[in-house]
Amino acid sequence: MKLSLGPIQYFWSHKDVLEFYARMIETPVNTLYLGEVVCGKRRELSPIQWIDLARQLASSCGKEIILSTMTLIESGADLKGVKRLCDNEGLLVEANDIAAIHYLSEKKLPFVAGPAINIYNAQSLQFLMSQGLKRWVVPVELGQQQLRAALTPLKVKPEIEVLAWGRLPLAYSARCFTARHHGVKKDDCAFVCQQYPAGLQLKSQESQSLFTLNGIATLSGMPVNLLNHHASLTDTGVSHARISPEWEQTEIVIETFYNALRGSSTASLAGGTDGYWRGQPGIDLIARE
Amino acid sequence: MELVCPAGSLPALDVALASGADAVYIGFADDTNARHFQGLNFTPQKAAIAASKVHAAGKKLFVAINTYAQAGAFQRWQRAVDQAADLGVDALILADMGVMHYARSRHPDLNLHLSVQGSATNAAALTFYHQHFGITRAVLPRVLSLKQVQQLAAQSPVALEVFGFGSLCIMAEGRCHLSSYITGQSPNMNGVCSPASAVQWQPKGEGMDTRLQGVLIDRFDATERAGYPTLCKGRFDVEGKRAHALEEPTSLNTLSLLPALQAAGIGAVKLEGRQRGPAYIGQVVNVWRQALDALQRDPTGYHVAPEWNQCLGKHAEGVQTTLGAYDRPWQ
């Protein structure tokens with residue numbers, strides 16, 4: 001099983017993004033996904049700048065580089081951005097909306113289907129494979145059993161990627177919840193989400209960590225953590241374990257997963273949830289050993 | 001504009017027809033539809049009665065098979081498609097590409113609509129579904145502003161249906177896993193959001209705590225009426241501030257947008273509420289019939305009668321309504 005680093009979900013400055021990838025190329029991840037996937041207003045890097053950065057990394061760092069498209073497309077400008085990424089000429093694209101699949105399949109290009117593409121069964125998977133699907137990033141709520149059942153009927157299987165560590169992208173809305181928290185309108189947001197490079201914690205009135213507000217996206221309050229499940233991921237046919245970038249800890253997580261996959265360490269990562277993978281509510285905590 | 005009305009039972013369907021529905025949408029009594037609630041929806045036998053009633057009234061019947069087929073159980077969704085086709089329904093409302101592919105190959109003459117659960121918000125996505133599955137209509141998620149709806153209508157290869165009234169989904173439908181994350185029951189797979197089986201009402205002193213799968217969603221004092229614990233409408237703490245961080249309990253009401261929607265070429269307006277009883281259906285459908293008739297009679301003189309809003313307000317969640325994402329400041 002290989003390690004991939006998903007797209008950055010938060011709004012980081014141009015400088016922070018460049019510094020982050022400069023660090024990440026030194027880590028043992030095999031694949032880097034690049035691009036803005038949450039909000040069309042987050043233009044610290046334009047689609048063209050993302051493509052340039054991706055090309056530069058692809059030619060220099062020896063890792064697989066994939067461009068990720070936006071998830072919720074609301075305006076003509078959003079759609080143009082998606083088309084621009086799909087027209088990049090050379091780099092594989094992770095489609096996070098059917099719009100991207102439309103552009104890529106028209107050009108007969110292979111693509112990665114991102115986690116927000118609703119594929120829940122072999123029949124949908126097979127149809128999209130006929131359109132060019134090469135790798136399937138499994139919807140966050142599919143557990144081991146359901147993934148196995150979706151793959152069983154297939155003679156030829158695509159590459160399978162599962163989010164193994166990081167906050168789960170749970171929902172997308174027109175509304176910016178970070179702006180709402182600050183009492184400003186989305187149109188006048190002044191990019192308040194940049195003040196929260198790790199998102200904004202939402203807790204129940206009993207202080208239970210539920211969600212992380214991240215602009216128009218709602219992420220899980222705690223990271224998913226499938227480190228202890230790496231054997232069952234491999235057994236199920238997962239080819240890529242995805243780590244989702246977080247403001248802190250990303251290198252430690254990569255290192256720990258890398259060592260665990262090589263069998264050279266039994267170090268653990270504290271905390272997190274693994275409910276979805278076990279067929280339980282996603283919020284269910286990893287059982288204490 | 002066609003008025004598309006919900007029915008979760010035969011009595012509700014009768015009332016929808018009597019109150020002026022142009023089309024009624026129903027679902028089978030299992031997890032193939034996105035309103036899978038105990039005691040609701042239609043067995044194949046009842047669906048056959050529904051079809052004959054609707055067609056005798058000269059109206060249309062749509063069947064929603066709009067969850068995503070669970071792996072290893074695809075036959076259940078196939079059977080639902082076959083049953084609906086046998087009934088001679090006027091359209092199937094589908095979300096899953098595998099199910100659409102099956103419907104298109106097995107029943108090539110069947111009319112297909114893309115469900116709101118399909119999350120298509122742009123012309124490229126609509127074109128994809130149109131080209132591959134021949135969909136003739138798509139229901140838009142409740143996330144676009146009026147201007148965006150107008151622009152999309154000008155480019156769309158298929159007719160568009162928008163939500164007019166009912167419970168407000170503030171997340172893009174088909175892309176929300178909040179309820180699934182807490183309860184393990186998923187809108188996409190099981191057809192339920194904040195399922196009743198996970199709800200707990202806990203009286204506390206003079207007030208009430210509402211929970212979902214043990215998670216505290218809201219806490220009401222004696223002066224407040226406790227609302228249903230839908231995750232996106234609870235009161236939570238963010239940086240020490242306690243508020244409806246996502247949305248207040250409220251319903252969508254777009255009566256005031258009807259002239260603009262009609263001018264944009266929107267083909268149909270949908271009312272939400274298959275889980276609601278005949279009294280709701282009768283009054284709400286009646287208001288919308290009056291509004292659409294008034295618009296038809298005199299497009300420039302159309303205005304929202306206060307009694308229409310009063311009536312819809314009574315049936316709204318939290319007794320309040322909003323234009324939701326259609327209205328830019330809401331976003």
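This is a working chat about a sheet, a helix contact and two empty spaces in a predicted model.

Student: Let's start with β9 in chain B; which strands form a sheet with it, and in what order?

Tutor: The sheet is an open one of three strands, running in the order β9-β10-β11 in chain B, and its pairing is antiparallel.

Student: Which of those strands stand at the edges?

Tutor: The edge positions belong to β9 (199-204) and β11 (215-220) of chain B, and because each has a single partner strand, one side of each is left without a neighbour in the sheet. From one strand to the next, the twist averages 20 degrees.

Student: How many bridges hold β9(B) and β10(B) as a pair?

Tutor: Six bridges link β9(B) with β10, residues 207-212 of chain B, in the antiparallel sense, and within this pairing V199(B) lies opposite L212(B) of β10(B).

Student: Switching to helices, at what angle do α5(A) and α4(B) cross?

Tutor: Helix α5 of chain A, residues 122-130, and helix α4 of chain B, residues 97-106, cross at roughly 80 degrees, with their axes coming within 7 Å; α5(A) is therefore roughly perpendicular to α4(B).

Student: And which residues make that contact?

Tutor: From α5(A) the contributors are Q123(A), S124(A), F127(A) and L128(A), while α4(B) brings M97(B), G98(B) and H101(B). Sorted by class, the residues of this contact are three nonpolar and four polar, with no charged ones.

Student: What about pockets; how much space is in the second largest one?

Tutor: The second largest pocket holds about 500 Å³ of space, and among its 28 lining residues the closest to the centre are G40(A), K41(A), M70(A), S75(A) and D78(A).

Student: Which helix gives the largest share of that lining?

Tutor: That is α3(A), with five residues; at least two residues each come from α2 (47-60) and α3 (76-86) of chain A and from α6 (146-155) of chain B. The lining as a whole has eleven nonpolar, eight polar and nine charged residues.

Student: How many cavities of 30 Å³ or more are there, then?

Tutor: There are seven, and the largest cavity contains about 250 Å³ of space.

Student: What lies nearest the centre of the largest cavity?

Tutor: Of the 23 residues lining the largest cavity, those nearest its centre are Q9(A), P115(A), P169(A), Y172(A) and R242(A). Strand β7(A) provides the largest share of this lining, five residues, and β7 (159-173) of chain A and β8 (171-176) of chain B each supply at least two.

Student: How does that lining divide by class?

Tutor: The lining of the largest cavity comprises twelve nonpolar, eight polar and three charged residues.

Technical notes
Residues are numbered from 1 along each chain as its sequence is written. Chains are lettered from A and ligands numbered from 1 in the order in which they are written. This is a predicted model: local features need pLDDT of at least 70, side-chain atom pairs count only at pLDDT 80 or more; totals for chains, interfaces and linings use all residues. Side-chain values use heavy atoms; hydrogens and water are left out. Two strands pair if DSSP finds at least two bridges between them. Helices (H or I, at least four residues) and strands (E, at least two) are DSSP runs, numbered from the N terminus. Axes are lines fitted to C-alpha atoms, for helices over the stretch in contact, and angles run from 0 to 180 degrees between N-to-C directions. Angles under 35 degrees count as roughly parallel, over 145 as roughly antiparallel, 65 to 115 as roughly perpendicular and the rest as oblique. Contact means heavy atoms within 4.5 Å. Ala, Val, Leu, Ile, Met, Phe, Trp, Tyr, Cys and Pro count as nonpolar, Asp, Glu, Lys and Arg as charged, and the others, Gly among them, as polar. On a 1 Å grid over the protein atoms alone, a cavity is a set of points where a 1.4 Å probe fits but cannot get out, and a pocket is an open set with protein on both sides within 12 Å along at least five of seven lines; lining residues have an atom within 4 Å of a point. Grid points are joined across faces, edges and corners, and a volume is the space filled by probe spheres set on the points.
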